[in-house]
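Here is a short briefing on a ligand site and two pockets, written to be read with the model open beside you. Feel free to click along as you go.

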Amino acid sequence: MSAQIIDGKAFAAALRGRIATKVAALRDAGGRAPGLAVVLVGEDPASAVYVRNKHKATIAAGMASFEYRLPADTEQDELLTLVASLNADPAVDGILVQLPLPPQIDADTVLMAIDPDKDVDGFHPVNAGRLATGLPGFVPCTPYGCVMLLKDQLGDLAGLDAVVIGRSNIVGKPMAQLLIAESCTVTVAHSKTRDLPGIVHRADIVVAAVGRPEMIKGEWIKPGAVVIDVGINRTDDGLIGDVDFNGAASVASAITPVPGGVGPMTIACLLRNTLISASRRQGVALDLAEL
Ligand code: NDP
């Protein structure tokens, strides 16, 4: 193995620490603690773990956590009523409705109902449009975490060839937008892409967000590339990424492990978005460069 292992867990812990310091400064200045409302509908075990972890991290950062657990048979209108009340609640700076939702609820309808200025997940079409046009808004947490790790590793990303494998609205597409904003030359690959190995082999930066265990082979990676593995695949051998870690680590210059790479960055960036929202809503200037 030659690649440096990118320690997302340590990076995220340090980021959460910086966020907690900013929250304390906001409160010292007479401000209100940033408030994050998380809504869980049903009993999906993975979602329950995510929601519990978000709650713990929110409290640890000195923020207010509002948790809503609704039964699996909740009607869409009841959820929309809750979202409307959270939109109107001045103590709530961020609203997150945990996906997936039960079949009787249309996720797009619910996400569209969230006030875009409280949409700390960055999934609302208004925020997708803001990202695409370079306006300030909320950027989806996982891709933003990937960019933070890449900039920490490589510094300026301008001019680098980047390949994003996956084009979902929550990872692949915003990831591509963020890399374009960093002046990378970006290729987005997906299930219909021809010659994926050849395309990956050109890239200085490879971001894998597919959801297929170890699909990206080590021999596809250009020597010295930086590999960011977003994939979380639950297998009998535990959590596995989308990249053949051992193969890729023997040629890449740096690679994120699974677990302990991108995963911890998602919650840290959610807290970052919530802090940004609170500072905007309270009219307190925040030096984002320090975050
Ligand atoms: P989606 O299933 O929404 O998207 C998967 C993408 O991969 C699609 O664009 C699909 O292409 C593409 N794809 C599927 N098969 C192939 C193939 N054989 N070759 C090339 N591309 C392919 O997944 P998400 O974007 O939501 O998530 C991706 C992974 O990231 C999952 O493992 C998920 O668990 C993980 N994840 C991790 C997070 C974290 O915090 N670390 C957060 C969010 C997700 P097409 O569009 O053509 O179907």
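The notes below take the ligand and then the pockets in turn.

This is a predicted model. In it, 21 residues surround the ligand, and the protein covers 70% of the 920 Å² of accessible area that the ligand has on its own. The largest pocket has a volume of about 1,200 Å³, while the second largest pocket holds about 580 Å³ of space.

**Around the ligand**

- Which residues are the closest to the ligand? They are R167, S168, S191, I232 and T266.
- R167 has a side-chain N or O atom 2.7 Å from an oxygen atom of the ligand.
- For S168, an N or O atom in the side chain is 2.5 Å from a ligand oxygen atom.
- S191 places a polar side-chain atom 2.5 Å from an oxygen atom of the ligand.
- Sorted by class, the shell around the ligand is made of 10 polar, nine nonpolar and two charged residues.

**The largest pocket**

- A total of 41 residues line the largest pocket.
- Nearest the centre of this pocket lie Y50, T142, I232, G263 and T266; I232 and T266 are also among the residues closest to the ligand.
- Two or more lining residues come from each of these elements: α2 (45-60), β4 (94-97), α6 (141-154) and α10 (263-281).
- Which element gives the largest share of this lining? It is α2, with seven residues.
- In terms of class, the lining of the largest pocket has 26 nonpolar, nine polar and six charged residues.

**The second largest pocket**

- The second largest pocket, with about 580 Å³ of space, is lined by 28 residues.
- V139, Y144, L178, R272 and L288 are the lining residues closest to the centre of the second largest pocket.
- At least two residues of its lining are supplied by each of α5 (125-133), α6, α7 (172-181) and α10.
- α10 provides the largest share here, six residues.
- The lining of the second largest pocket divides into 17 nonpolar, six polar and five charged residues.

**Elements to follow in both pockets**

- α6 gives two or more residues to the lining of the largest pocket and at least two to that of the second largest pocket.
- α10 likewise gives two or more residues to the lining of the largest pocket, and α10 supplies six residues to the second.

How values were computed
Residues are numbered from 1 along each chain as its sequence is written. This is a predicted model: local features need pLDDT of at least 70, side-chain atom pairs count only at pLDDT 80 or more; totals for chains, interfaces and linings use all residues. Side-chain values use heavy atoms; hydrogens and water are left out. A residue is near a molecule or strand if one of its heavy atoms lies within 4 Å of it. A polar contact is a pair of N or O atoms within 3.5 Å; within protein, one must be able to donate a hydrogen and the other to accept it, and residues adjacent in sequence count only if both atoms are side-chain atoms. Accessible areas come from the Shrake-Rupley method with a 1.4 Å probe; for residues, only the protein chains shown count as cover. Ala, Val, Leu, Ile, Met, Phe, Trp, Tyr, Cys and Pro count as nonpolar, Asp, Glu, Lys and Arg as charged, and the others, Gly among them, as polar. On a 1 Å grid over the protein atoms alone, a cavity is a set of points where a 1.4 Å probe fits but cannot get out, and a pocket is an open set with protein on both sides within 12 Å along at least five of seven lines; lining residues have an atom within 4 Å of a point. Grid points are joined across faces, edges and corners, and a volume is the space filled by probe spheres set on the points. Helices (H or I, at least four residues) and strands (E, at least two) are DSSP runs, numbered from the N terminus.
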